[in-house]
Amino acid sequence: MTTPVSHMLLVLLAAFIGSFGGVFLKAGSAELRKGWMYLVIAKEPPFFNWRLAAGVAMFLLSSYFFVLGIRPPGELSVLYPMVALGYIFTLLWSRIFFKEPFTRGKVLGLFLIVVGVFFVGLGSK
Amino acid sequence: MSAPAADSARISDAPARRQPVGLVFCCTILGAAAQVLMKSGANHMANPGLLGMIANLPLMAGYSLYGISTLLLVIALKDGELSLLYPVIALTYVWVTVLSFLIFRDHINPFKLTGIVLIVTGVAVLGKGGRR
């Protein structure tokens with residue numbers, strides 16, 4: 001295994017930031033219930049939907065760290081499973097911030113997906 | 001702009017529980033197409049500066065698809081659970097693997113195939129049984 005720890009940390013950071021990106025997009029999406037224009041604007045200061053903007057910014061930042069992490073000599077077989085950890089973070093944040101319950105279906109589905117991403121990583125050179 | 005009460009009631013009452021998963025499904029196809037476009041744009045990049053990127057049509061098309069995909073994700077999140085929808089994004093791996101095989105002739109090996117089958121099964125479990 002030749003992937004440096006620094007590359008693993010970069011990808012973990014990307015997964016962590018990305019999982020919070022999802023949280024902010026979810027929080028910002030609630031504004032849409034008032035109408036489509038609330039995709040951009042907001043009634044209270046700062047008068048724009050800053051949660052959505054923050055979510056998008058976090059996705060961009062996450063992909064930046066991801067690209068830094070998967071540069072050579074980073075190996076996808078090691079790094080892809082760490083991306084999948086982001087899904088597990090998201091399960092936790094969803095419960096903490098939005099009171100979404102853990103269910104057997106979610107845990108089983110997530111487990112299959114994480115193992116699947118691990119295998120796609122193993123098969124990638 | 002006017003009559004927001006009736007409007008918002010209609011939007012928030014939209015029941016269709018499957019719809020958010022279907023929207024994220026579309027997201028992943030758009031996201032995969034975006035990645036393939038960006039890859040082919042990066043393959044024939046004339047000059048790597050900012051102007052070269054803006055003049056690069058496939059690259060810009062890729063970014064635009066990413067934008068549309070994010071918009072769909074937000075609309076899906078309005079009515080769906082984050083914990084259910086976020087992992088579905090992993091379907092992007094499946095489409096990228098298939099598209100890379102079709103377009104760039106990348107190899108599909110038993111590991112990738114196993115991974116794809118597991119991801120699809122996982123998404124199916126999330127989509128069906130995740131609600132309770």
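Lys99(A) is found in the loop between α3 and α4 of chain A, where helices (H or I, at least four residues) and strands (E, at least two) are DSSP runs numbered from the N terminus. Although Lys99(A) is not a glycine, its phi is positive, at about 55 degrees. Lys99(A) is exposed because 7 other C-beta atoms lie within 10 Å; by the criterion used here, a residue is buried if 20 or more other C-beta atoms lie within 10 Å of its own, exposed if 12 or fewer, and partly exposed in between, with C-beta atoms placed from the backbone.

The model is predicted, so that local features need pLDDT of at least 70 and side-chain atom pairs count only at pLDDT 80 or more, whereas totals for chains, interfaces and linings use all residues. Residues are numbered from 1 along each chain as its sequence is written, and chains are lettered from A, with ligands numbered from 1, in the order in which they are written.

**Backbone features**

Most residues other than glycine have a negative phi, and most peptide bonds are trans. The table gathers the residues with a positive phi.

| Residue | Phi | Place |
|---|---|---|
| Phe47(A) | about 65 degrees | loop between α1 and α2 of chain A |
| Lys99(A) | about 55 degrees | loop between α3 and α4 of chain A |
| Arg105(B) | about 60 degrees | just after α6(B) |

Phe47(A) counts as exposed, since it has 10 C-beta neighbours inside 10 Å. The loop between α1 and α2 of chain A also holds Pro46(A), which is joined to Pro45(A) by a cis peptide bond with omega of about 5 degrees. Another cis bond runs from Pro72(A) to Pro73(A), with omega near 5 degrees, and Pro73(A) lies in the loop between α2 and α3 of chain A.

**Helix α6 of chain B**

Helix α6 of chain B covers residues 91-104, and its 14 residues should span 20 Å at 1.5 Å a residue, which agrees with the 19 Å between its end C-alpha atoms; the expected span is 1.5 Å times one less than the number of residues. Within α6(B), the buried residues include Leu91(B), Tyr93(B), Val94(B) and Val96(B), together with Thr92(B) and Thr97(B).

**Contact between the chains**

In chain A, 34 residues are in contact with 36 residues of chain B, two residues being in contact if their C-beta atoms, placed from the backbone, lie within 7 Å. On the side of chain A that touches chain B, the elements giving two or more residues are α1 (5-29), α2 (50-70), α3 (76-98) and α4 (104-122), and the largest share, 13 residues, comes from α4(A).
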